[in-house]
Number of protein chains: 2
Amino acid sequence: MKHLQTFRYIEGVVRAGSIRKAADDMNITASALNRRIQRFEEEFGSEIFERLPRGVRLNPAGELLVQHFRAQESDLRRVQSQVADLSGERRGHVSVACSQALIPYFLPRQIAAYRTHHPGVSFSVTVRDREAAERDLATFSSDLALVFEPVHLVDFEVLMAVPQIIHVLIREGHPLANREEVRLRDCLDHPHVLPTRHYGVRALLEDAATRGSRPLRPIAESDSFDFMRHYVAHEDAVAFQIPIGLQPRPEDGLAVRPISTRDVPAGSLLLGQMRGRTLPVASARFAQGLAKALEAFR
Amino acid sequence: MKHLQTFRYIEGVVRAGSIRKAADDMNITASALNRRIQRFEEEFGSEIFERLPRGVRLNPAGELLVQHFRAQESDLRRVQSQVADLSGERRGHVSVACSQALIPYFLPRQIAAYRTHHPGVSFSVTVRDREAAERDLATFSSDLALVFEPVHLVDFEVLMAVPQIIHVLIREGHPLANREEVRLRDCLDHPHVLPTRHYGVRALLEDAATRGSRPLRPIAESDSFDFMRHYVAHEDAVAFQIPIGLQPRPEDGLAVRPISTRDVPAGSLLLGQMRGRTLPVASARFAQGLAKALEAFR
DNA sequence: CAAAAGCGATGCAAAAAATGCACCGGACGA
DNA sequence: TCGTCCGGTGCATTTTTTGCATCGCTTTTG
């Protein structure tokens, strides 16, 4: 879309931090890029970059402008998607930012199911911690977010919420494996591996541990739930995950048990979008599908 | 704003109904305009005009696109307004579509009051019947609408509502002038002048008349409340208006009396904007001022 | 029923805009 | 203090846009 070319250049400059670097990235000369920006600032009626000795940075006016352009670009994609829908062909692209738990089972299954009915629709799936997921929505780089325990919730419009009780993940034969439900203090008595502080599971556990005045003492911390799941196969340690990210198979030699909600309250897995935004057809329909599938977890 | 040039051309074509006429209107050759549109349609991925034997007309895709562009343009103005606000100067432009009743007293007073504090802000005031006012909001050609008894209310976000009882307007010495409050049947027994069916006052009176099974028999119909007000000075006829449009002065020789709400319910004067839209700073502040002033009428 | 008028589309040359290149002056870091 | 990286600018070149003339088609008009 040619009329957004200047904006793409501006975004490039914001990313690169200097006009010359951006020009280099985007196969244009610095002078041409520089003048494009000067021309734009002139007709816009205000500078949008601070000129620093080592480059440029958006000023407040520029921040407003970039937000506007991002919204405009995303709305144009929505229009194109609706137009494609007019001619009968359901085409389009859906971008989802999600927590790790959704990656192995839930999302692949949902996307495959959707695509059997609408093979013209493509997807991008990005793993994001809960904060980054919300940021992706706000910058229009994702249409949908599916995250456990989001943080800010400003500009996050909840489409669906399902409670998820944190489960422990231990190998068969672990002392805790013969209980129906485990207590938090039992977990803390065993070696435990935890996600980093960016994740909702960790936040819930921290809260609970503080209330129980027993500090968390992880023997390992990771930003990969996959790592933690594999780790507990090698040592009598305890890992944590929410049920939507688990699908226990006997041959894995792992046991899954819920933590008592007396100790750790259930967290919320939220499906959401940027507040007030009209999603492209494909994304909106896919979100409906997700919401329906999530109903099963309530 | 140059990147919206193509859109301005498209709007021109929509208005003119043909590329050649539009080209003529906008000081460009038909061929250049034609090719701009073709290029745009190509990169947009779909035709936006139906080619008819006598010109062109938007197809559904084009309708979607035009709506998108109008929203973009208006949002860009909002950004510019906020940017101007950043630098301390409250500048900007406010466009209001309003019913006739607001023209003589209420709006001039409000605008003047606002401008004493913000002389950098300019205004456009357009008289519109209630349907056109709502259309103006939807096409982003007005920021605010102040109308009596709007019709559709889709896409109309109510910022403030005040009840207004319809009043009769008669000359001093008229038989009805010695009552505190008049009944509808009394009005119908006298010659009466009515606004056309586009106006809320007429709609309320029609409803009431139907309920009372006494038909309205206007001796004159007009789309100008000003005309009707002047007319009753010449004959013992009855005219109607809402109080916000009235400011009786003894020297005019006119009397104003409310119609009993047993006969005609009070209508609503609504201040509204396009649903979901973020108004430019100046418009938003002015709307706050209007809302406050309208409080006085509750 | 034929001529005229109006429409969108297109080939081609002219005009306008954007770009690349070379270079300036200033700030910063080694 | 010298070298480097920055944004800015004058000028020639390339690319894009525009205007003009004209085609083929349909509707209107006489």
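Which element gives the most to the surface near DNA strand D? Hold that thought for a second, everyone. One thing up front: this is a predicted model. Okay, back to the question. It's α3 of chain A, which contributes five residues.

Let me stay with the DNA for a bit. Around DNA strand D there are 21 residues, and those that come nearest are A:Ser18, A:Ser31, B:Thr29, B:Ser31 and B:Pro53. So both chains show up in that list. If you ask which elements put in two or more residues, you get α2 (19–25), α3 and β2 (55–58) from chain A, plus α3 from chain B. By class, the surface near DNA strand D splits into six nonpolar, seven polar and eight charged residues.

Now flip over to DNA strand C. Here too 21 residues sit around the strand, and the nearest are A:Thr29, A:Ser31, A:Pro53, B:Ile19 and B:Ser31. The elements giving two or more residues are α3 (30–44) of chain A, and from chain B α2 (19–25), α3 (30–44) and β2 (55–58). On this strand, α3 of chain B has the largest share, with five residues. The classes near DNA strand C come out as six nonpolar, seven polar and eight charged.

While we're on β2 of chain B, a quick word on its partner. Strand β1 (residues 49–52) of chain B pairs with β2(B) in the antiparallel sense, over four bridges. One pair you can find on the screen is B:Phe49, standing opposite B:Leu58 in β2(B). The two strands are joined by a hairpin, through two residues.

Next up, the two protein chains. How many residues of chain A are in contact with chain B? It's 21, and they meet 21 residues of chain B. The top contributor on the chain A side is helix α4 (residues 60–86), with 13 residues. That side of chain A divides into nine nonpolar, nine polar and three charged residues.

And how do the two copies relate? Chain A can be laid on chain B with an RMSD of 0.1 Å, using a turn of 180° and a shift of 0.0 Å along the axis. The two copies are therefore related as by a two-fold rotation axis. If you want to find that axis by eye, look for A:His3: its C-alpha is the nearest to the axis in chain A, 2.5 Å away. Also, 100% of the interface residues of chain A are interface residues in chain B as well, so the copies meet through the same surface.

Let's move on to the rest of chain A. The chain is divided into three pieces: domain 1 (2–65), domain 2 (90–163 + 268–295) and domain 3 (166–265). Notice that domain 2 is written as two segments. Taken over C-alpha atoms, the centres of domain 1 and domain 3 of chain A are 48 Å apart.

Now for a sheet in chain A. There's an open one with five strands, in the order β4-β3-β5-β12-β6, and the pairing is mixed. At the edges you have β4 (121–127) and β6 (156–164) of chain A, each pairing on one side only. From one strand to the next, the twist averages 20°. Helix α10 (residues 281–295) of chain A packs on this sheet, touching β3, β4, β5 (144–148), β6 and β12 (267–274) of chain A, and its direction makes about 45° with that of β3(A).

Zooming in on one strand pair: β3 (residues 92–98) of chain A and β4(A) run parallel, joined by seven bridges. For a landmark there, A:Gly92 stands opposite A:Val121 in β4(A). As a quick reminder, strands of a sheet pair through backbone hydrogen bonds, either parallel or antiparallel.

Last stop, chain B. It has an open sheet of five strands too, ordered β4-β3-β5-β12-β6, with mixed pairing. The edge strands are β4 (121–127) and β6 (156–164) of chain B, and each pairs on one side only. On average, neighbouring strands of this sheet are turned by 20° against each other, direction ignored. Strand β3 (residues 92–98) of chain B runs parallel to β4(B), with seven bridges joining them. If you'd like a pair to click on, B:Val94 has B:Phe123 as its bridge partner in β4(B).

That's my tour, thanks!

Notes. Residues are numbered from 1 along each chain as its sequence is written. Chains are lettered from A and ligands numbered from 1 in the order in which they are written. This is a predicted model: local features need pLDDT of at least 70, side-chain atom pairs count only at pLDDT 80 or more; totals for chains, interfaces and linings use all residues. Two residues are in contact if their C-beta atoms, placed from the backbone, lie within 7 Å. Ala, Val, Leu, Ile, Met, Phe, Trp, Tyr, Cys and Pro count as nonpolar, Asp, Glu, Lys and Arg as charged, and the others, Gly among them, as polar. Domain bounds come from an automatic or database domain assignment. Two strands pair if DSSP finds at least two bridges between them. Axes are lines fitted to C-alpha atoms, for helices over the stretch in contact, and angles run from 0 to 180 degrees between N-to-C directions. A residue is near a molecule or strand if its C-beta atom, placed from the backbone, lies within 6 Å of it. Copies are superposed by least squares on the C-alpha atoms of residues with pLDDT of at least 70 in both.
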